[in-house]
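Reader: Hi! I am new to protein structures, and I would like a close look at a single part of this one. Could you walk me through it slowly?

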Amino acid sequence: MKRRALAGLGGVLAAGAGLGLGELTAALAGGTSPVVGVGTQLIDLAPGPAKDWAVKNLGTADKPILIGTVLLAVMVFAFLAGAIGASKPRIAVVMTVLLGLLAILAAATGRTLATNGFVQVLPGIITLLIATIGILLVLRALHLNPFGGGGDRKAFAAGGSKPHQTLATGSSTAEHAAERSTERPAEPADAPAGFDRRRFLGTTMALGVAGAGGLGASLVLPEGVNEATRRGIRIPAAASRARAVPAGVSVDVPGVSRFVTPNQSFYRVDTLLTVPKVDPRTWELRIHGMVDRELRLNFADLLNRRLIERDITLTCVSNEVGGPYVGNARWIGVPIAELLREAGVQGGADAVKSTSVDGLTIGTPLQALTDGRDAIFALGMNGEPLPFEHGFPVRMVVPGLYGYVSATKWIVDFEVTRFSEFSAYWTDRGWSVEAPIKTSSRIDVPKGFARIKAGPAVAAGVAWAQHRGIAKVEVQVDNGDWQPATLAAEDTIDTWRQWTFRWNATPGNHKLTVRATDADGQVQTADRAAPRPNGSSGLHNTVVMVE
């Protein structure tokens with residue numbers, strides 16, 4: 001039993017050494033991290049309901065939880081491989097090789113930040129080699145021979161007890177005693193047969209140091225593009241500035257979402273386990289497809305073009321009714337329509353397929369990029385260069401469409417085409433091809449099951465219908481009539497709008513429900529629908545306890 005436990009521990013340390021040095025290789029060479037590669041494949045292969053559940057219930061914690069799960073699964077597999085190797089060492093080697101091949105396969109077939117195919121899989125190759133060498137060394141220390149069909153269980157390599165030999169006829173008891181006195185003490189009775197303690201400890205310590213050292217070094221190595229580099233970029237003043245925000249856009253009610261969402265609080269929903277650190281000095285955007293002239297633009301080219309600055313609210317299609325995946329920011333960037341005019345869009349095109357640096361594709365209706373709305377290649381967000389997690393150095397921002405069909409982050413490719421010619425990442429997974437944002441509203445105050453005092457009370461929140469605007473918000477107390485809320489000033493039709501509702505709270509439990517009407521006269525529907533396939537619908541409500 002002890003032999004199996006030691007072999008299992010050795011298997012874990014061998015796999016850990018492979019992963020640690022594989023991560024270090026990824027950090028140095030830029031290939032696909034073994035853990036991230038497997039995790040990304042799991043994201044891409046996961047069924048839609050599983051993704052929806054993770055976004056709804058785990059939020060931004062879904063990525064570290066997935067990484068932790070992958071690591072735990074690898075360690076369990078490695079322990080089992082080692083434990084099985086205590087009696088069948090050849091199987092331990094085969095299982096370890098399979099683990100390394102999984103890392104290579106994930107890198108070779110998944111989305112990647114590397115442009116060179118060999119570099120892409122190099123960390124997986126290192127993981128395979130180190131883990132395999134590691135498990136062979138562990139088996140050797142335990143006197144297990146994977147190439148001989150079994151282990152040598154005859155004796156310890158050093159210091160083990162010798163098999164009892166029959167004394168020659170006529171030998172004296174004294175001679176026998178003298179012979180025994182020259183033997184080294186036997187190993188403890190519970191030591192596993194064939195266990196070379198010194199070699200095993202040396203092997204496992206070396207593997208542990210290799211794994212921990214490789215992982216630690218990969219985490220502390222200086223990045224090619226760091227926060228100082230990003231903050232050092234100076235974005236020129238916009239030729240077309242955003243208008244001054246009206247004084248009345250924010251209501252004076254604690255707990256209501258701020259009109260401008262701070263960058264650090266802005267929601268993030270994407271499929272990447274690690275945030276790309278794209279170097280703006282080597283970044284390039286290719287505009288091609290059904291155009292008269294292909295354009296290739298670097299970051300400096302965009303900085304030197306006419307920039308516009310606009311306040312735009314973004315919403316994720318995964319947002320549940322009353323959910324947090326919506327935020328408002330001031331963006332600065334290059335109008336997409338101007339670049340399309342320069343490229344010369346050909347007749348028959350109705351879509352654009354944009355591609356992120358990691359290979360994720362998004363399909364956007366061409367009309368939404370050319371109909372006069374402020375669709376931009378954004379370079380800045382709330383007065384600074386785009387944060388890494390929000391698409392640095394360049395991303396798309398298109399008012400009025402959910403992000404999965406418009407808000408490509410870390411964009412590198414922009415192909416004018418037809419919807420009939422391609423399918424994008426999310427549409428392959430059951431989401432609608434086109435997805436205009438639905439009229440929605442949310443109660444921020446009071447929170448659900450809050451306790452408030454009887455008497456004059458206030459409810460407040462936000463409503464949005466990007467590129468149409470909010471014309472009215474109403475609140476219902478219990479099952480009473482719909483009553484008008486007071487709207488804050490409107491910034492633009494592309495931003496959300498705050499509202500307040502004052503009511504007389506009587507003792508007991510009460511349900512507050514909100515609904516909005518957009519500027520086209522469309523009343524927010526009460527019909528409940530999940531986010532899939534084109535955005536959630538229904539009315540947000542909250543229950544308060546009045547004392």
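Author: Happy to; what follows is a tour of one pocket, with a stop at one residue and one strand afterwards.

This is a predicted model, in which local features need pLDDT of at least 70 and side-chain atom pairs count only at pLDDT 80 or more, while totals for chains, interfaces and linings use all residues. Residues are numbered from 1 along each chain as its sequence is written, and side-chain values use heavy atoms, with hydrogens and water left out.

Let us begin with the second largest pocket, which holds about 880 Å³ of space. A pocket here is an open set of points on a 1 Å grid over the protein atoms alone, where a 1.4 Å probe fits, with protein on both sides within 12 Å along at least five of seven lines; lining residues have an atom within 4 Å of a point. The volume is the space filled by probe spheres set on the points, which are joined across faces, edges and corners.

The lining of this pocket counts 47 residues, and V55, V269, D270, T271 and W426 lie nearest its centre. Helix 3 (48-58) is among the elements that supply at least two lining residues, and helix 3 gives the most, with seven. (Helices are DSSP runs of H or I with at least four residues, strands are runs of E with at least two, and both are numbered from the N terminus.) By class, the lining has 27 nonpolar, nine polar and 11 charged residues. Here Ala, Val, Leu, Ile, Met, Phe, Trp, Tyr, Cys and Pro count as nonpolar, Asp, Glu, Lys and Arg as charged, and the others, Gly among them, as polar.

Now for the residue. Y267 sits in the loop between helix 9 (227-231) and strand 3 (284-289). Y267 has a relative accessible area of 15%, so it counts as buried (under 20%, with exposed over 50% and partly exposed in between, using a 1.4 Å probe and protein chains only). Its contacts (heavy atoms within 4.5 Å) include L314, T315, P324 and H390, leaving aside residues up to four places away in sequence. P324 is 57 residues from Y267 along the chain, yet their C-alpha atoms are separated by 7.4 Å. A polar atom of the Y267 side chain lies 3.4 Å from the backbone nitrogen of T315.

Last comes strand 7 (residues 351-356), largely enclosed by the rest of the structure because five of its six residues are buried. Five bridges join strand 7 to strand 8 (residues 361-365), and the two run antiparallel.

Notes. Polar contact = N/O pair within 3.5 Å; in protein donor to acceptor, adjacent residues only side chain to side chain. Pairing = 2+ DSSP bridges.
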